[in-house]
Amino acid sequence: MNAPTGLRERKKQRTRETISAAAITLFLEHGFDQVSVADVAVAAEVSKPTLFKYFPTKEDLVVHRFADHQTMSSTVVAERPPGVSAIDALHRHFRDGLAARDPITGLNDDEDVLAFHHLVYSTPSLVARVSRYLARAEEALARALVDALDSDREITAALLAGQVIATERILASVNWQRIVAGRSADEVHPEAVADADHAYGLLRQGLAGVAPQK
């Protein structure tokens, strides 16, 4: 019984990837506002109803990639090793992302990644959609931090979650700006690590008045 279910899921994932790839290719070639959902459906060889089953809005054809990360920080906190604080776990995770050149950290100089980034952040409707994903990431992280912080005030978790998400967004933006200016990811990496260390140091200072983390 598991094999057919697994096959169906793989086929759905391939269809999803095909639709998204066709959409992004068209958007990069012609601009987001110049391409219709019908154009994408034709390129992906699916019907419009099928397309909307996978992507509820035109914007989701692009920014669904951010959805894959919206629970990442909360997962890092929830699954951190014993004895590791929430901030330390998040700090290590971001540094690991820098080392891996994860595009979400802004430290990636691949031409396709840079083109995708430009597409997203030069299109107002896509920026607005990304903001919704960031808000969901913040909410998920706040829920995870409620259990991680030895505090009976949920506002503490909410404030820290907002600071973490904003901090990582700013760090990624700075890294991306350096690369757009013509520098390589390898060249920027030491500065990106130093910036991350400094930023997380400030977050730790902000927690100094809070009871020790679990």
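Visitor: What makes the packing of helix 8 and helix 9 oblique?

Guide: In this predicted model, helix 8 (residues 124-148) and helix 9 (residues 154-180) pack at an angle of about 135°, with axes 8 Å apart. Angles under 35 degrees count as roughly parallel, over 145 as roughly antiparallel, 65 to 115 as roughly perpendicular and the rest as oblique, so helix 8 is oblique to helix 9. Local features here need pLDDT of at least 70, and side-chain atom pairs count only at pLDDT 80 or more. Residues are numbered from 1 along each chain, and side-chain values use heavy atoms, leaving out hydrogens and water.

Visitor: Which residues of helix 8 and helix 9 meet?

Guide: With contact meaning heavy atoms within 4.5 Å, L134, A137, E138, L141, A142, L145 and V146 in helix 8 meet E154, A157, A158, L160, A161, G162, V164, I165 and R169 in helix 9.

Visitor: How do you know that the span of helix 9 agrees with what it should be?

Guide: The expected span is 1.5 Å times one less than the number of residues. For the 27 residues of helix 9 that gives 39 Å, and the end C-alpha atoms are 39 Å apart, so the two agree.

Visitor: Why is E45 called exposed?

Guide: Buried means under 20% relative accessible area, exposed over 50%, and partly exposed in between (1.4 Å probe, protein chains only). E45 has 74%, so E45 is exposed. E45 sits in the loop between helix 2 (37-44) and helix 3 (48-54).

Visitor: And why does R101 count as partly exposed?

Guide: R101 has 21% relative accessibility, so R101 falls in the partly exposed class. Its place is the loop between helix 6 (86-99) and helix 7 (111-121).

Definitions and conventions. Axes are lines fitted to C-alpha atoms, for helices over the stretch in contact, and angles run from 0 to 180 degrees between N-to-C directions. Helices (H or I, at least four residues) and strands (E, at least two) are DSSP runs, numbered from the N terminus.
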